[in-house]
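Here are a few friendly notes to read alongside the structure. Please keep the view open and follow along point by point.

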Amino acid sequence: MNGNAHKAGNADFQSAAATPEDVRAVAAPGNARDAATSDDIRNAAVPEDVREAAQAVLDEFAGRRRGMRPGRFVPGPPKPLREKNDIALYLEKISVSFDGFKALNNLTLYVAEGELRCIIGPNGAGKTTMMDVITGKTRPDRGSAWFTRAYNLSAMDEVSIVEAGICRKFQRPSVFEELTVLHNLELSLKGDKRVLSTLGARLSGEDRDFSAAVLERIRLHEQRNLAAGKLSHGQKQWLEIGMLLMQKPAVLLLDEPVAGMSAGEIERTVELLRDLEGEQVILLVEHDMEFVRAVARTVTVLHQGSVLAEGDMDTIRNNQAVIEAYLGEAQC
Ligand SMILES: Nc1ncnc2c1ncn2[C@@H]1O[C@H](COP(=O)(O)OP(=O)(O)OP(=O)(O)O)[C@@H](O)[C@H]1O
Ligand SMILES: [Mg+2]
């Protein structure tokens, strides 16, 4: 976590009077809707194609698709989180409209320090737009976005937000293909803008150690001298995560990091995220429910620009409103 963020106070902050408990109460799953089970779906008087679509959603949540054993991607018990309950990221009543269409509609989301939060939702729910607001790419029409009580994100430009420690990884890996894995990492050192030809030569011992530690973490130590273009798709995704880690981020925003990965690569990504959990906020947007089930403690479901439900995966997958939201998508 960015040290300066804790020191700075802010009298304007909307939730300054709220305790973490207050915030959690607001952010908790607000709907006490009836839960639906596979049997409910099976027995309901609905057309066959709609029933199949609903069952597919439930199967996806349960990790039964693609012949996977449930829990296959769970490498072991999650490590205990540090006792840190302060809220780090605040989105309050955010609305964003595009030509009158509300991509985000009164969205409120609180994420605690060190938390790994998964964001799911049907296509067009507003997930990417939410990341655009956090990173300053899109200005909200209404509402406020803060990173700790120090950074008013809706008043900052994109560069300043990166400098505040909020780093984003887009879906497609964007590494320098001709450079080695190690050079890609070194180029990402915070505040480091060396000329390429001198790469490596001026690195301090501390920087070298840090690069080596990141290489180990992303499991590319053996490939450190390989051109990044020779890596597999999954390895490129890890390298890009490593490039973000080189900047010692306070918040990592990951948009569909396992899209296109093999099952083995997904499994290793689960391990990587488990390893990173607790050190910074991780906001993870993902459609692969099996992966979400493996990494998520708390899942937030977006739908039509708002939070539809929030809770652990079992709570979410039994939530009638969530099932209906995905069902609506399947019928489109
Ligand atoms: N620049 C834009 N101009 C007009 N409409 C936009 C723009 N960006 C997003 N939208 C619309 O806002 C809605 C939310 O889009 P967004 O990309 O945030 O959804 P998403 O949840 O990320 O979807 P997906 O799962 O498909 O990535 C969609 O209906 C989209 O068409
Ligand atoms: Mg998106």
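1. Start at the hairpin in this predicted model: β4 and β5 are its two arms, with three residues between them. Look at T148 in the turn, which has a positive phi of about 50°. The two arms pair in the antiparallel sense over two bridges, and in β5 the bridge partner of F147 is Y151.

2. Now step across to the other pairing of β4, the one with β1. These two strands are also antiparallel, with five bridges between them. One pair to find is Y90 and its bridge partner W146 in β4.

3. Next comes the pairing of β1 (residues 87-98) with β2, where eight bridges join the antiparallel strands. Here L89 stands opposite V111 in β2.

4. Put together, the four strands make an open sheet in the order β2-β1-β4-β5, with antiparallel pairing. Because β2 (101-112) and β5 (151-152) stand at the edges with a single partner strand each, one side of each has no neighbour in the sheet.

5. Then look for helix α5, which lies across β1, β2 and β4 (142-147). Against β2, the helix runs at about 65°.

6. Finally, which helix gives the most to the shell around ligand 1? That is α5 (residues 127-134), with three residues. The residues around ligand 1 include F98, A103, N123, K127, T128 and T129. By class, this shell has six polar, three nonpolar and one charged residues.

Notes. Residues numbered from 1 in each chain as written. Chains lettered and ligands numbered in written order. Predicted model: local features only at pLDDT ≥ 70, side-chain atom pairs only at ≥ 80, totals over all residues. Near = placed C-beta within 6 Å. Nonpolar A, V, L, I, M, F, W, Y, C, P; charged D, E, K, R; others polar. Pairing = 2+ DSSP bridges. Contact = placed C-beta atoms within 7 Å. Axes fitted to C-alpha atoms, helices over the stretch in contact; angles between N-to-C directions.
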